[in-house]
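Biologist: Got a minute to walk me through this one? I'd like to go through it piece by piece.

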Amino acid sequence: MTEHTDVVIGLEIHCQLNTQTKLFCGCATDYKTDGPNTHVCPICLGLPGALPMINRKAVEYGLRVAKALNLEVPEESEFARKNYFYPDLPKGYQITMYDRPLAVRGHLEIEGDDGEKDIRITRIHLEEDPGRLVHRAGAGRVAYTLVDYNRSGIPLIEIVTEPDLRSPKEARRFLNKLRATLEYLDVYDGEREGGLRVDANISIRGSERVEVKNISSYRGVEKALTFEITRQKNLIRRGLRVVRETRHFQEGRGITTSARSKETENDYRYFPEPDLRPLRVKDWVEAIALPELPDARRDRFMATYGISLNHARTLTGDLRLAEFYEALAAKVEPTLAATWTADTLLGELNYRDMPVTTVPLDHFTDLVGLVGRGEVTDRVAVDVLRALLNAVVNNETPVKPLDYVREHNLGKGAADAFAAVIDAVIAENPQAVADYREGRGTALNFLVGQAMKKTRGKADPKEITPLIAARIAPKEGA
Amino acid sequence: MGSVAFDAEDRWNAFITICRRAGHGDGPLAGVPVAVKDIISTAGIQTTCGSLVLKGYVPPYDAHVVELVKAAGAAVVGKTNMDEFGMGTTTESSAFGPTTNPVDTTRVPGGSSGGSAAAVASGMVPMALGTDTGGSIRCPAAFCGIVGLKPTYGRVSRYGLVAYANSLEGIGPMAGNVEDVSRLFSVIAGPDARDATSIDRPYTHTPSSDRIRGLRIGVPAEFFGEGVDPAVAERVRAAIGDLADLGAEIVECSMPSMAFALAAYYVTCTSEASSNLARFDGVRYGPDIVSKRSWHEAYQEHRREHLGKEVRRRIMLGTFALSAGYYGKYYAKAQEARKNVGEDFARLFADVDVIAGPTMPTTAFALGEKTADPLSMYLADILTVPANLAGVPAISVPCGTVNGLPVGLQLIGRHCEEELIIDAACAYEEAQR
């Protein structure tokens, strides 16, 4: 049992599918580097008289997700219109699915707070993304808003879970697993900005449910949920009621605020989209061949490379990381490769907010090779890695690790080459030597640390520790 | 290749936009001047739908049918007047003033394709494109004494037709005689990959009066019931008698679903309209939006000022019908009634080949007669809406006059059997000569 067993969370995830063209027209989706309103046509601009035509690829992508998440695909599904006014919505309605979604009732297994658990998926459906508003700041009347319709009509998949999540951490784990699955399925590009948006329903058991809308990052989900749980628990503790409402997550401030505006009181007046025929795609599902998914790859990594469950889980939790690791493990010892990728490299990448795809694989392979052959200490290797990553960040050509080590004279010295250093350390720290002789083992660590410092990390602690110990060991029988 | 000098004088206000010099190509309609209802998009030519909200809107693309008409060599000589967004039976709700009936200029031409009908009836053009959501081709054809065909739903692409009620409407030909209607229909019918509701049934038929012999024609009692002018009923009965003389077999029958057809029609078309017309918010096209404190207010004012009274009425009706708590009571129920109409037709068409009756319950109204009483105007659609609800084809062919005003004979056919109703209309027309 954990502290969050009274917390109930369900998620609605909107995710952009990485099709080449938009959901209902032929406009290309790769508008990222192009100017505003350059990837538009009468259809995605909602010009009078234009009609939507369904992109079969988007339907197929949706079905891939349905199959991977174990959903049932009904004989017939149907697009519907969600009617509301907003300047980014060119038709005054969004084409989405309502009471007849693409697929229903599935599940995804995650590592929960109390071990493995299935999170039930209620439904998935397809819908179109609206355009994007660009607010131009200005003093008073100068402020204005521009609309960019490049995003209008980009296919989205909406995935709705049952309220099966019990903590913000579980919610984050679910999202990570979902994202990995979508990437493995090659239907989603996680590096695309704004590619994923989450609405979360959250309640404390016995109290009203609150919807937090428009969380646009993974970290945001955990932050927003944590804030909400604290807020709701505080209300309950003070004897106040949690009000059933919609709240907005303020990413910058890490808080949620009530959205008591008219826009959330919309009656969307859904009705079947008369410009499209119902979809009959149940037959397509069988023909869809799923690729290896994260869990299968995790198990294969453990079996093939003999690495730990934790390492395997981390390395397969991101498609690009998994591919990076496999390329590395083909050239250096796999368990060492796993440690250096999952523990060291990933930490350094997260610190710099770098994707693994920017790491030069050859350089990293060489580095792990140096460690494996005992040519550098772990500490020196970390320094070399940092220099390598910093060079990438600064758009410099990274130096080959071997050259870097030579250039900076960082190769691991033979233990006896450090005799003079050990002599000096013992001479300079008589108190520590005395402490050790009196049985305080930690004093030895201090002396080793001093020796490392003098050699700028070149000495291998594993090798010099016994040397120092032997020099200062209490005399037998003394 | 060439161009047409179009210098006809428009004394009926049939056109919103006239192209005095129109280019044309080669093909079956080479050099034929064709008028296009102003709800069908034309690249480079203003397309207003008879509304202020689209005044100045010039589409960047041609509707599928306009591409086809041009490819057939026709010259698009102008955009015809209409009830705003097709919402009307008289062409009086146009923001560009009413069109008058060339037969009697104190009368309305019918609607909503009244401009196209008047352009043909006056002799300005030999043929025109109209659109029919609940009778908007057949009504003005009947009132002006010309021929108008509402095709099977999907047989002509709607791509580029500004939507009023997507599930009901379609584009069709209007002309002075059956042969020209058939010619224009053969140009515009066929599949279109840009319209998901389009069907692959091209039309290559040449009208023939030979098939009337032995044709079984059903005459539902409801088409001659309450609200139908007895003089009109008599004229149409006589026309059906003429068909019998030509060898057709007349079968008296009944269509009980007619009791709910009009209600089903108005709930469906207003619901769809409330959604379709939401895009006219002033952000992208049409007259400039006046900047207000909030976009909500700007939208409201823009729509209040630039949409006409009838359009606003239908948007509000449709918004209500789709609202939470009312959907089941109205929209869902209307779809049930709509299904009943379809089933009634299927039952009748198992026995008869064609269904005949009046197109309109009366002759053309006097100008202004219906403007103060929208409900009585809605009731005038009772005989035309069943074909739209079921998606079946129907043609209106002139069958004489009552007090000097034209009466239309309506012939309704099975799905994709335009050929048969055109043949029946052709036989009738020939016999009248």
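Biologist: What does the domain assignment give for chain A, and how many Å separate the centres of domain 1 and domain 3 of chain A?
Modeller: Keep in mind that this is a predicted model. The assignment gives chain A domain 1 at 7-287, domain 2 at 302-392 and domain 3 at 415-472. Taking the centres over C-alpha atoms, domain 1 and domain 3 of chain A are separated by 59 Å.

Biologist: Which strands stand at the edges of the open sheet 3-2-13 in chain A?
Modeller: That sheet has three strands in the order 3-2-13, paired antiparallel. Each edge strand has a single partner strand, so one side of it is left without a neighbour in the sheet; the two are strand 3 (93-97) and strand 13 (271-272) of chain A.

Biologist: And which residue in strand 13 of chain A is the bridge partner of A:Ala80?
Modeller: Strand 2 (residues 79-83) and strand 13 of chain A pair antiparallel over two bridges. Across from A:Ala80, the partner is A:Pro272.

Biologist: How many residues of strand 6 in chain A are buried?
Modeller: Strand 6 (residues 132-136) does have a partner: five bridges join it to strand 7 (residues 144-148) of chain A, running antiparallel. In that pairing, A:Arg136 stands opposite A:Tyr144. Still, strand 6 of chain A is hardly covered, and among its five residues the buried count is zero.

Biologist: How many nonpolar residues are on the side of chain A that touches chain B?
Modeller: Here 25 residues of chain A are in contact with 33 residues of chain B. By class, chain A's side has six charged, four polar and, for the class you asked about, 15 nonpolar residues.

Methods:
Residues are numbered from 1 along each chain as its sequence is written. Chains are lettered from A and ligands numbered from 1 in the order in which they are written. This is a predicted model: local features need pLDDT of at least 70, side-chain atom pairs count only at pLDDT 80 or more; totals for chains, interfaces and linings use all residues. A residue is buried if 20 or more other C-beta atoms lie within 10 Å of its own, exposed if 12 or fewer, and partly exposed in between; C-beta atoms are placed from the backbone. Helices (H or I, at least four residues) and strands (E, at least two) are DSSP runs, numbered from the N terminus. Two strands pair if DSSP finds at least two bridges between them. Domain bounds come from an automatic or database domain assignment. Two residues are in contact if their C-beta atoms, placed from the backbone, lie within 7 Å. Ala, Val, Leu, Ile, Met, Phe, Trp, Tyr, Cys and Pro count as nonpolar, Asp, Glu, Lys and Arg as charged, and the others, Gly among them, as polar.
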